Amino acid sequence: MFVRALSLRDFRSWEQLDVELSPGRTVLLGANGNGKTNVLEAVGYLSTLASHRVAADAPLIRTGAERARIGAAVVNAGRELRIDLELNQGAANRAQINRSPARRPREILGILHTVLFAPEDLALVRGDPGERRRFLDELATARLPRLAAVRADYDRVLRQRSALLKTAGRQVRSRADLSTLDVWDGHLAAHASVLLEHRLRLVHDLAPHLAASYRVLAPESRPAAIGYRSGYLPPELLDPARPPAGTDREELEAVLLRELAAARTRELERGVCLVGPHRDDLELLLGGGPAKGFASHGESWSFALALRLAAFELLRGSGAEPVLLLDDVFAELDRRRRTALAAVAAGAEQVLITAAVPEDVPAELDATPLRVHTTGDPDSRVSLLTADAGAAVE
């Protein structure tokens, strides 16, 4: 899989970009603030419908513009598909596949797979559980795109049920309140069981890749492992070594309904939903103990990199090798980690890299350079791309 062509309109600092890309390694070179990362962010957004830098879409639209557009021609196993995405201020985003409108933007998910390495990845180890839940859900959706609809349905039910809990908790609890909650409990458990089933399956499949990747990155360190942390699921379902079973979804739904009923009084008192995958975490372990708060800076970097490398190997095993996006990470790494990441990049079908100077990129990658610079006033800078020799890139 590779991106053959990329186009941007009013995305971040890019007023316009049209560039042809090839398999192999391409490096975007330029000083910080010139817009290199914005290109990788756009490619990653087409893959996940999310930015690795911000939670909302508004910052992705260039100042003064009403909308931003991202388009790419993606080649997978010899077949080319064109995907286009329009991000709108104050309106719904829109997508096209081969120039035909899609009913929803999430229909483009699965056409392009990417794995992105960025300095922000330290948050996977040191950040809050939401960072790790997002990692799990984006990777699970890359494996099974229809999970995007499940996630959307779960979030919608969670919001509605939470609103009812707040209202019912402030008022005299009537039979109508409680019967309505019973209905929402059923909806929540149905969607949550699907999401949990695929999260647990993902942790089971990812665990050996994570352990192997971490051994390569930090052989002198304690062994790394992952698990799934939940305060309401029984231990036998949380064991990452347990093979997934065909009855998992039904069992998970039954557990959720039981736990929601048991938590009803506490939920009404607090006005929040206390049971569900929105409260879970991906457990990161070093030598049997938690990595968060105890891992050194080097160990934290190794763990974050190992998670991304494990994701790459997992997706690669599915038959559609993802595009590697390396956002200014080589400058952050020591020699061993640079070597390990460069070895993966050297064998990938397509790698897009950002770096401030050529020396930040390992020479063995032999990357094709493209220069990024900006023009205009400091408050309205526009990014431009040129070939390394100085010729304009069409």
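**Figure 1. Arg308 in its helix.** A residue is buried when its relative accessible area is under 20%. In this predicted model, Arg308 has 18% relative accessibility and therefore counts as buried. Arg308 belongs to helix α9. Helix α9 spans residues 297-317. Neighbours within four places in sequence aside, Arg308 is in contact with Val115, Leu116 and Phe117. Asp121, Leu124 and Phe135 complete its list of contacts.

**Figure 2. The contacts of Phe117.** Phe117 touches Arg308. Leu305 and Leu309 are also in contact with Phe117. Further contacts of Phe117 are Leu324, Leu325, Leu326, Asp327, Val329 and Leu341. As before, neighbours within four places in sequence are left aside.

**Figure 3. Two nonpolar cores.** The largest nonpolar core holds 83 residues. Phe117 is one of the members that touch the most other members. Ile226, Phe303, Leu307, Leu324, Leu326 and Leu341 are also in that group. Helix α5 (residues 175-217) gives the most to this core, namely 15 residues. A second core is separate and has 41 residues. Among them are Phe11, Ile83, Ala95 and Ala118.

**Figure 4. An open sheet with two helices.** Three strands make up this open sheet, in the order β9-β10-β11, with antiparallel pairing. β9 (224-229) and β11 (289-290) are the edge strands, and each pairs on one side only. Strand β10 covers residues 281-286 and is joined to β11 by 2 bridges. Leu286 stands opposite Gly289, a residue of β11. Helix α9 packs on the sheet and touches β9 and β10. The directions of α9 and β10 make an angle of about 125°. Helix α3 (residues 129-143) lies across β9 and β10. The angle between α3 and β10 is about 100°.

**Figure 5. Leu49 and its surroundings.** Leu49 sits in the loop between α1 and β4 (67-76). Is Leu49 buried, partly exposed or exposed? Its relative accessibility is 22%, so Leu49 counts as partly exposed. Partly exposed residues fall between the limits of 20% and 50%. Leu49 and Arg106 are 57 residues apart along the chain, and their C-alpha atoms are separated by 7.3 Å. Arg106 is also one of the contacts of Leu49. The others are Gly44, Leu85, Pro105, Ile108 and Leu109, with neighbours within four places in sequence left aside.

**Figure 6. The second largest pocket.** The space in this pocket comes to about 460 Å³. Its lining has 26 residues. Ser13, Gly33, Asn34, Gly35 and Asn38 are the closest to the pocket centre. Two or more lining residues come from each of α1 (36-48) and β15 (382-387). Helix α1 gives the most to this lining, with 3 residues.

**Figure 7. The largest cavity.** The model has 2 cavities of 30 Å³ or more. The largest cavity has a volume of about 90 Å³. What lines the largest cavity, and which residues lie nearest its centre? The lining consists of 13 residues, with Leu200, Arg201, Leu237, Asp239 and Arg242 nearest the centre. Helices α5 and α6 (235-238) each supply at least two lining residues. The largest share is that of α5, with 5 residues. Helix α5 also gives the most to the largest nonpolar core.

Conventions. Residues are numbered from 1 along each chain as its sequence is written. This is a predicted model: local features need pLDDT of at least 70, side-chain atom pairs count only at pLDDT 80 or more; totals for chains, interfaces and linings use all residues. Side-chain values use heavy atoms; hydrogens and water are left out. Two strands pair if DSSP finds at least two bridges between them. Helices (H or I, at least four residues) and strands (E, at least two) are DSSP runs, numbered from the N terminus. Contact means heavy atoms within 4.5 Å. Axes are lines fitted to C-alpha atoms, for helices over the stretch in contact, and angles run from 0 to 180 degrees between N-to-C directions. A nonpolar core is a set of buried Ala, Val, Leu, Ile, Met, Phe, Trp, Tyr and Cys residues joined through side-chain atoms within 4.5 Å. Buried means under 20% relative accessible area, exposed over 50%, partly exposed in between (1.4 Å probe, protein chains only). On a 1 Å grid over the protein atoms alone, a cavity is a set of points where a 1.4 Å probe fits but cannot get out, and a pocket is an open set with protein on both sides within 12 Å along at least five of seven lines; lining residues have an atom within 4 Å of a point. Grid points are joined across faces, edges and corners, and a volume is the space filled by probe spheres set on the points.
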